[in-house]
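Subject: The structure for you to look through

Hi,

Here is the structure I said I would pass on. Have a look at it first, and then read my notes underneath.

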2 protein chains.
Amino acid sequence: VALTHFEREIAEQPAALALLLARGRAAVEEIAAAVRRFDPGFVVTAARGSSDNAARFAKYLLGAHNRLVVSLGAPSLVTLYQAQPALGRALVVGVSQSGESPDVVALVEEGRRQGALTVAVTNGPGSPLARAAEHVLDLQLGPEESVVASKSYTAQLGALAMLSAAMEGDPARWQALERLPDAMTETLALCAHDRAAGARWTEPFGRAERLVVLGRGFNYATAFEIALKIKETAYLQAEPYAPPDLLHGPMAMIEGGLPALLVAPRGAASADLAGTLAALAERGAEIAVISDDGELLRQPGVRLGLPLAAGVEEWLSPITAVLPGQLWALALAQARGLDPDRPRGLTKVTRTR
Amino acid sequence: VALTHFEREIAEQPAALALLLARGRAAVEEIAAAVRRFDPGFVVTAARGSSDNAARFAKYLLGAHNRLVVSLGAPSLVTLYQAQPALGRALVVGVSQSGESPDVVALVEEGRRQGALTVAVTNGPGSPLARAAEHVLDLQLGPEESVVASKSYTAQLGALAMLSAAMEGDPARWQALERLPDAMTETLALCAHDRAAGARWTEPFGRAERLVVLGRGFNYATAFEIALKIKETAYLQAEPYAPPDLLHGPMAMIEGGLPALLVAPRGAASADLAGTLAALAERGAEIAVISDDGELLRQPGVRLGLPLAAGVEEWLSPITAVLPGQLWALALAQARGLDPDRPRGLTKVTRTR
């Protein structure tokens with residue numbers, strides 16, 4: 001049986017990150033030095049789709065470790081309204097696998113025109129985005145064949161984590177990063193072992209039309225990215241939430257039988273997720289949990305526990321926690337007879353304005 | 001028949017905004033003068049739920065008219081991670097009807113501690129949020145009884161639009177604002193007339209479990225707010241998107257029979273929405289449209305056209321465009337036998353951390 005591109009690239013992720021850590025560090029240190037010289041007042045990102053979820057990770061990481069406020073940029077301000085939001089004191093980071101989407105390029109160009117420090121995080125070192133930005137952080141992935149992104153997402157997270165670590169200048173951050181490829185490999189192996197042992201990954205979840213995916217703090221981005229994978233491959237309407245946002249209204253739509261996936265690695269956000277789990281269980285939701293906390297995985301009301309390798313610090317846990325989500329999306333797609341390499345109506349490069 | 005609180009407060013919105021325009025202008029001009037003196041480098045908002053959707057409107061408005069980059073603040077950076085993102089050069093705007101949620105208050109307090117200019121936009125002038133901020137923009141609504149917010153949302157939008165106009169100092173903006181209560185009244189009357197004339201508002205939409213709501217630019221916020229109303233009152237999973245974000249992945253889940261609501265008042269974003277309408281119609285979606293463009297409302301493939309008063313400038317159209325969405329959410333709830341004043345599991349004041 002031939003693997004799909006999506007499966008093959010999911011498996012390639014630990015090696016891709018290891019390569020990026022080995023080959024990309026010099027460029028990252030150079031960009032970090034430029035950021036220190038520029039001393040930005042804030043950060044604006046330009047991205048769409050999975051890359052926008054990577055930007056969402058950067059919002060928490062740069063806020064928590066680098067004291068930088070991040071705004072997820074609104075390209076339409078530039079492309080539709082011809083506005084010129086003041087970017088002169090900003091670090092503008094364009095994130096895109098292909099580097100081809102005109103709206104992402106337009107926002108970076110506007111930043112550069114105003115004197116912002118501009119960085120492209122991309123797998124397309126010769127792309128329009130790379131040409132628009134002053135600095136390029138090349139993901140060095142080789143071609144990503146799967147329309148549904150996986151290795152480009154974890155590489156973008158890795159690249160942004162490397163940039164944050166270089167800006168901080170703390171060797172402990174780099175040591176944690178260096179351990180990450182092994183933790184990714186172990187997480188993929190744990191999931192494979194779990195399925196081989198007969199865990200029911202898709203029952204009853206695959207019969208739903210909709211579900212919610214919860215994550216908070218560093219893993220708010222992970223909830224968004226897993227929800228997007230499920231939409232793209234299994235066509236379920238998976239909607240991401242932080243628990244407080246769920247409580248401010250959408251909780252009303254939670255009912256018996258509705259599937260809920262909780263992204264809950266150990267960390268500052270895990271108590272909040274455990275409380276949410278209890279509230280969802282009380283409403284009769286069918287609950288799946290991604291965690292490295294065995295106790296949480298076996299908590300009453302949990303129908304499916306998706307395991308993570310232990311020992312990953314919370315700030316890097318989005319890079320392991322997304323992996324079971326990718327595999328779960330794949331399993332849901334296959335249970336529904338769908339080919340993850342042919343997502344309905346999508347193409348590898350999307351150009352929007 | 002007694003009106004529900006939700007219905008009564010939907011109807012009160014034009015008068016509430018007229019009152020705010022009359023009574024609030026002096027306070028707004030004072031805050032705008034303080035903003036000019038402070039000369040912020042960027043803006044950070046602190047909000048949850050409907051108020052966060054009002055903040056999303058501010059992101060586009062302050063970007064387009066006031067050249068300010070807005071970051072929708074992440075309270076968990078402060079409450080969970082004890083981080084201190086650099087807010088000293090920021091205008092920090094807390095938005096909350098009650099002014100009670102500790103996470104919103106915490107982010108504003110952190111801004112004030114660092115020397116940011118802090119403003120509370122709230123209906124609770126004696127609330128913890130109002131006490132935390134240096135300046136208070138009081139919505140002056142009297143009590144909002146409905147758990148599901150309506151008049152506080154349009155008043156927040158109005159207050160933020162007044163602040164933007166005062167910062168710009170262009171009398172034409174104020175003239176447009178002054179015309180708005182009449183346009184709101186006319187929009188509500190158009191919708192009532194349309195239903196009285198027998199328009200089928202809830203067929204086939206009320207039978208779905210899920211739908212998408214599309215809006216862009218200024219009305220990206222409107223898509224979020226209408227989706228939230230539908231979740232809170234009718235318990236359908238309504239998910240908001242900007243059209244480019246739909247194209248970068250989620251388009252795969254659009255299939256025949258899926259309802260889609262497009263928020264498409266005339267303006268810079270309307271061509272994009274018209275293109276999206278055609279793409280959704282091709283996939284067999286059941287389409288409802290909110291617009292002041294009669295041609296778009298009658299376009300082939302549109303099952304339900306929800307009318308708006310003509311002559312509202314695009315930057316203010318979110319304040320009229322949300323009204324048919326509130327009424328539609330109400331109609332969907334009633335068609336499903338649900339009481340909009342008793343949304344499952346919600347309370348009027350939500351306190352999250």
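Let's start where the two chains meet. About 5,600 Å² is buried between chain A and chain B, and carbon and sulfur atoms give 55% of that area. In case you wonder why I quote an area here: the size of an interface is often given as the accessible area lost when the parts come together. One thing to keep in mind as you read is that this is a predicted model.

Who supplies that area on the chain A side? Three residues, A:Tyr81, A:Gln237 and A:His248, provide 13% of what chain A buries against chain B, more than any other three residues. If you count residues instead of area, 67 residues of chain A touch 67 residues of chain B.

There are plenty of polar links across this boundary too. I found 33 residue pairs in polar contact between chain A and chain B, counting pairs with both residues at pLDDT 80 or more. The elements of chain A that give two or more residues to this side include strand E1 (42-46), helix H2 (50-65) and helix H9 (220-234). Strand E7 (237-241) is on that list as well, and E7(A) gives the largest share, five residues.

Eight salt bridges run between chain A and chain B. A nice one to find on screen is B:Asp245 with A:Arg48, where the closest N and O atoms are 3.0 Å apart.

Now for salt bridges in general: over all chains there are 42. Try A:Arg303 and A:Glu286, whose closest N and O atoms are 3.1 Å apart. A:Arg303 sits in strand E10 (residues 302-307) of chain A and A:Glu286 in strand E9 (residues 286-291) of chain A, so this pair ties together parts that are 17 residues apart in sequence. Is A:Glu286 buried or exposed? Its relative accessible area is 18%, so A:Glu286 counts as buried, given that the cut-off for buried is under 20%.

Next, look at B:Arg25, which turns up twice. Its salt bridge partner is B:Glu29, with the closest N and O atoms 3.1 Å apart. Because B:Glu29 and B:Arg25 are four residues apart in helix H2 (residues 13-38) of chain B, about one helical turn separates them. Both partners are partly exposed: B:Glu29 has 27% relative accessibility, and B:Arg25 has a relative accessible area of 31%. The charged end of B:Arg25 also sits over the ring of B:Trp174, 3.8 Å from its centre. You can see a similar arrangement with B:Arg344, which lies over the face of B:Tyr235 at 4.1 Å from the ring centre.

One more salt bridge deserves a click: B:Glu255 and B:Arg210, at 3.3 Å from N to O. B:Glu255 is in the loop between helix H11 (243-247) and strand E8 (259-263) of chain B, and B:Arg210 is in strand E6 of chain B, so the pair ties together parts 45 residues apart in sequence. B:Glu255 is partly exposed at 29% relative accessibility, while B:Arg210 is buried, with a relative accessible area of 2%. These two also belong to a network, in which salt bridges that share partners join A:Glu209, A:Arg344, B:Arg210 and B:Glu255.

Finally, the aromatic rings. How many aromatic pairs does the structure hold over all chains? There are nine. Take A:Phe205 and A:Trp328: their ring centres are 5.2 Å apart and their planes are at 75 degrees, so the pair is edge-to-face. This pair links distant parts of the chain, 123 residues apart, with A:Phe205 in the loop between helix H8 (180-196) and strand E6 (210-214) of chain A and A:Trp328 in helix H13 (residues 317-335) of chain A. Both A:Phe205 and A:Trp328 are buried.

Chain B has a pair like this as well. The rings of B:Phe205 and B:Trp328 have centres 5.3 Å apart and planes at 75 degrees, so that pair is edge-to-face. B:Phe205 is buried, with a relative accessible area of 2%, and B:Trp328 is buried too, at 0%.

Last stop: in chain A, ring pairs link A:Tyr60, A:Tyr220 and A:Phe224 into a cluster.

Cheers

Conventions:
Residues are numbered from 1 along each chain as its sequence is written. Chains are lettered from A and ligands numbered from 1 in the order in which they are written. This is a predicted model: local features need pLDDT of at least 70, side-chain atom pairs count only at pLDDT 80 or more; totals for chains, interfaces and linings use all residues. Side-chain values use heavy atoms; hydrogens and water are left out. Rings of Phe, Tyr and Trp (its six-membered ring) pair if their centres lie within 6.5 Å; planes under 30 degrees apart count as stacked, over 60 as edge-to-face and the rest as tilted. Buried means under 20% relative accessible area, exposed over 50%, partly exposed in between (1.4 Å probe, protein chains only). A charge sits over a ring if NZ of Lys or CZ of Arg is within 6 Å of the ring centre and within 35 degrees of the ring normal. Contact means heavy atoms within 4.5 Å. Buried area is the accessible area (1.4 Å probe) that two parts lose on being put together, summed over both. A salt bridge is a side-chain nitrogen of Lys or Arg within 4 Å of a carboxyl oxygen of Asp or Glu. A polar contact is a pair of N or O atoms within 3.5 Å; within protein, one must be able to donate a hydrogen and the other to accept it, and residues adjacent in sequence count only if both atoms are side-chain atoms.
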